[in-house]
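Work through the exercises below with the sequence and the model open. Try each task before reading its solution.

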Amino acid sequence: MQQPPTPNPGVEPPVPIQPTLATSEPTYRHQIRITFPDLAKLAQAGRYAELALACDNLEAAIPDDPDSCRLLLTGPLVLAHLINDDATSAYFALKRLPGPLATTALPQALLPLTASIADRKYQNIQPRISTLISLAQNPQALEPELALLVESMAGALQVAWRKRIVALLSRAYASIPAAQASALLNLPAEKIASEVSSWRYDSASATFTPLGDAVATSARAPSSLTRFDDVVAGAAQLESAINRFLYAVETQTEDNLFGWEPVLQILIIKEIAGNKPGDPPRKRLILSDGNHFVQAMLATQRNNLVDEEQIVRFSVIKLTKFHASMLAGKRLIILIDLEVVEREAEKIGEPKNIESSGVVPPPEPTLKPTPMASTSSSVGPGPTLVNQQKGRSAISKPSNSYPIYPIEQLSPYQNKWTIKARVTQKSDIRNFSTARGEGKLFNVTLTDETGEIRGTAFNTAVDELFDKFQEGKVYFISKARVNIAKKKFGGSTNDFELGLERHTEVEECTDTSNVPEVRYNFVELGKLDQTEKDAIIDVLGVVSQVGDLTELTSKAGKMLTKRDLTLVDRSQYSVRMTLWGKQAEAFNASNNPVMAFKAVKVGDFGGRTLSMVGTSTYQENPDISEAHLLRGWYDSEGQGASFNSQTAAGGGSGSAQFRRDELMTLSTVKDSGIGQGDNADYFSCRATIIFVKPDTVMYAACPSDKCNKKVTEEPSGDYRCEKCDRNYPEPDYRYLMTVHVADHTNQLWLQAFNDVGQSILGMTAKQLFGIEREDPSAAQAIIQRAHSQIFNFNCRAKADTYNDQTRIRYGINRVWPLDYATEGRAILDTLKAY
């Protein structure tokens with residue numbers, strides 16, 4: 001009789017698991033529980049691929065039942081996928097959970113962890129693993145046997161990802177600040193120093209330095225360039241790519257260097273104008289091999305790769321057909337055809353400009369750079385990448401030896417760098433007071449051809465640097481700190497900002513070529529309702545109205561001056577723009593000028609509004625193509641046009657369009673975590689009003705213009721406003737309603753303010769108050785008329801903490817009564833689409 005094969009010595013025999021289950025309720029639950037110990041053995045042995053396969057097979061044989069025993073499969077299955085760095089499979093395993101189970105503690109802890117791994121949010125991975133371990137250690141959270149397995153596998157996941165992050169940092173950086181390493185690994189610096197033997201810790205500078213053989217000694221499979229860490233691992237194989245390009249240029253070698261197909265990474269993609277009017281736009285790319293970068297141009301017949309977003313920034317590509325040449329004195333690669341190896345990756349290494357690296361002496365440029373096309377963004381002179389070229393006079397390059405970086409490539413992990421940038425905005429010195437004492441600051445906005453960044457100096461650095469910066473001039477700047485940007489203080493859209501210090505070097509540069517005057521990225525006024533509150537944006541508009549200069553008192557008791565403008569543009573929308581302080585006082589434009597506003601803040605009081613902040617600037621009648629087009633449109637047809645008001649549309653019914661493509665059910669609103677972040681979220685829904693709280697419908701408000709604060713009745717019968725510090729003979733009345741709405745999936749409490757309440761009830765709050773005073777029952781009947789009415793709502797969701805309890809508050813921004821003819825046509829269009 002044939003005997004079973006003898007297992008290999010040293011190879012563990014497979015754990016027998018029978019996936020075939022009967023689907024009767026007691027049988028499948030029993031089968032899961034008797035199989036669970038075998039799953040735990042696979043996890044203990046580190047055989048996670050087998051564990052995932054076993055869980056998948058068992059899960060496929062059970063019914064879609066929300067019994068908690070299903071978590072005995074899903075928990076280990078998701079963790080096994082994550083340990084194997086398969087976030088997609090982990091995500092779908094979670095999505096297969098029935099609704100009641102998906103909202104329990106374990107899936108709710110696994111889902112954000114899976115998202116962080118999938119999105120490569122390295123700074124979030126370790127903290128979320130720690131959260132999962134804490135959940136497993138809570139005796140009330142999970143079944144005991146599941147808790148033990150989750151804790152064990154989460155520990156293995158923690159170790160696996162720490163190794164990946166250490167390897168990634170070792171390949172990407174020459175030195176790592178201890179604070180950054182601690183944040184990524186979720187360990188104190190002392191612990192990292194003792195556990196990561198491939199890093200040397202310098203306590204004086206608080207930095208880690210990867211040792212030279214750290215990468216070489218790490219046991220890894222050969223790179224397949226399918227994940228970021230694999231891309232980084234393969235960077236060493238690309239070291240000679242750019243040098244071979246240079247050889248091709250210098251020797252006039254063509255046609256792929258005899259079949260060579262290099263793999264490179266895209267750092268930047270920009271669109272430039274064609275050579276002649278009517279020619280299609282060109283796509284300029286910056287390609288990197290991990291050490292150096294070089295310019296390239298995509299053949300126009302392959303523009304679709306960019307237009308269809310088949311390639312994006314940091315994509316990894318293989319060049320299958322290309323040509324190396326010289327253009328305008330610069331080395332240029334013409335990309336005729338390519339293959340996409342990895343569409344979405346992360347940046348590999350810290351490449352330097354090949355023109356200044358000394359690999360091959362760069363020739364002097366003979367022609368001016370090609371100007372940028374005027375698309376959604378506008379600049380002054382046409383940009384190219386920053387170059388530190390030989391042959392220039394000393395005043396055109398910095399005195400130190402630090403390499404020149406584009407602003408776009410600055411990060412906190414770099415120590416020695418220089419930027420060449422224009423000061424497009426400089427603030428006055430501002431004084432402040434905190435619990436730690438008095439202080440002062442000023443800030444500047446610095447711009448080059450790749451982007452912009454804000455720099456801020458405090459206290460002694462103000463005395464050292466304030467006079468060195470002048471608006472409009474170009475400087476070499478080095479020895480400043482790169483910090484995470486504090487977006488709440490406004491400024492540029494960059495994720496980082498510069499901390500200017502006393503030792504920061506600022507040298508004026510006389511070579512101002514290739515540095516734009518101002519960079520704009522205009523947002524149409526018609527799209528402001530899609531822009532988040534507090535966003536910093538650029539807008540271009542015609543000033544249709546100029547308000548008077550007015551004064552008001554801030555909450556801190558300071559006197560402020562302001563001026564309101566009304567802007568319009570070709571989207572046929574208008575919006576209120578508020579200027580403050582000296583800018584409001586100095587504004588005296590007439591004859592409906594075209595105004596370009598830089599870095600203004602979006603508000604949502606009374607709809608969408610715009611306001612200038614400390615870093616905002618404006619330019620009257622700028623010499624850019626968008627301004628000329630807007631001028632021509634306004635003079636020919638815009639003067640007599642009617643405009644939808646973004647500001648007036650913010651409350652009440654307004655005239656803004658309801659976006660059916662963004663419609664959400666109330667269950668989706670509640671289940672998707674809308675409003676749980678640091679910033680407010682916006683959503684649209686269609687719902688029926690089922691109840692209006694009758695005791696909180698309106699309040700007595702200050703009758704002065706733009707105050708609206710609550711007033712109190714004095715013994716004399718007058719009404720007092722504390723904000724205005726005045727008494728009034730009678731108040732105004734404004735709506736402040738709490739409305740209960742429902743759709744076919746769920747219910748929600750919404751808060752409605754004055755204009756929205758007026759749209760719902762069909763009269764002003766003052767009119768309703770007059771009716772209530774004469775006949776309370778008639779007023780109640782008016783309120784009840786709103787019940788069972790269907791509306792389209794645009795709403796705002798924001799987390800609010802009170803007495804250490806956090807809950808989501810939902811408010812109505814806009815409301816539209818249902819137009820059944822329009823809704824019917826929309827449904828018909830949807831049916832036709834199928």
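Buried residues, those under 20% relative accessible area (exposed is over 50%, partly exposed in between; 1.4 Å probe, protein chains only), make up 47% of the 834 residues in the protein chain. The model is predicted: local features need pLDDT of at least 70, side-chain atom pairs count only at pLDDT 80 or more, and totals for chains, interfaces and linings use all residues. Residues are numbered from 1 along each chain as its sequence is written, and side-chain values use heavy atoms, with hydrogens and water left out.

**Exercise 1. The chain as a whole**

Task: state how many helices and strands the protein chain has, and what share of its contacts with a separation of 6 or more joins residues 24 or more positions apart.

Solution. Start with the elements. Helices (H or I, at least four residues) and strands (E, at least two) are DSSP runs, numbered from the N terminus. The chain has 22 helices and 36 strands. Next, the contacts, meaning heavy atoms within 4.5 Å. Of those with a separation of 6 or more, 64% come from residues 24 or more positions apart. Last, the surface. The protein chain exposes about 41,300 Å², and carbon and sulfur atoms supply 50% of it. Accessible areas come from the Shrake-Rupley method with a 1.4 Å probe; for residues, only the protein chains shown count as cover.

**Exercise 2. Cysteines**

Task: find how many disulfides the structure holds.

Solution. Apply the cut-off: a disulfide is a pair of cysteine sulfur atoms within 2.5 Å. The search of the whole structure gives 0. Take Cys685 as a check. Its nearest cysteine sulfur belongs to Cys795, 4.3 Å away, and Cys685 is in no disulfide. Now look at burial. Cys685 has 0% relative accessibility, so it counts as buried. Cys702 is buried too, at 1%.

**Exercise 3. Helix α17**

Task: test the length of α17 (residues 625-636), then locate its buried residues.

Solution. Length comes first. The expected span is 1.5 Å times one less than the number of residues. For the 12 residues of α17 that gives 16 Å; the end C-alpha atoms are 17 Å apart, which agrees. Then list the buried residues of α17: Glu626, Ala627, Leu630, Trp633 and Tyr634. They cover an arc of only 130° around the axis, so they sit on the same side of α17. The arc is that of the directions from the helix axis to the C-beta atoms. On the other side of α17, Leu629 and Ser636 are exposed.

**Exercise 4. Positive phi**

Task: say where Lys479 and Ala599 lie, and give the phi of Lys479.

Solution. Recall the background. Most residues other than glycine have a negative phi. Lys479 has a positive phi of about 60°, although it is not a glycine. Lys479 lies in the loop between β15 (474-478) and β16 (481-484). At 32% relative accessibility, Lys479 is partly exposed. Ala599 also has a positive phi, near 60°. Ala599 lies in strand β24 (residues 594-603). Ala599 is buried, at 6% relative accessibility.

**Exercise 5. A hairpin**

Task: describe how β35 (residues 790-802) and β36 (residues 805-817) pair.

Solution. Two strands pair if DSSP finds at least two bridges between them. β35 and β36 pair in the antiparallel sense over 12 bridges. One of the links joins Arg796 to its bridge partner in β36, Gly811. The two strands form a hairpin with 2 residues between them. In the turn, Asn803 has a positive phi of about 55°.

**Exercise 6. Contacts across the sequence**

Task: for Val669, Glu823 and Ala206, list the contacts beyond four places in sequence.

Solution. Val669 is in helix α18 (residues 666-671). Val669 has 0% relative accessibility, so it is buried. Val669 touches Met664, Ile674, Phe683, Leu748 and Tyr810. Val669 and Ala797 are 128 residues apart in sequence, yet their C-alpha atoms are 9.2 Å apart.

Glu823 is in helix α22 (residues 820-833). Glu823 is buried at 9%. Glu823 contacts Arg660, Arg686, Asn792 and Leu818.

Ala206 lies in the loop between β2 (199-202) and β3 (207-210). Ala206 is partly exposed, at 32%. Ala206 contacts Ile176, Pro177, Ala178 and Tyr201. From Ala206 to Ile176, the step is 30 residues in sequence and 8.8 Å between C-alpha atoms.
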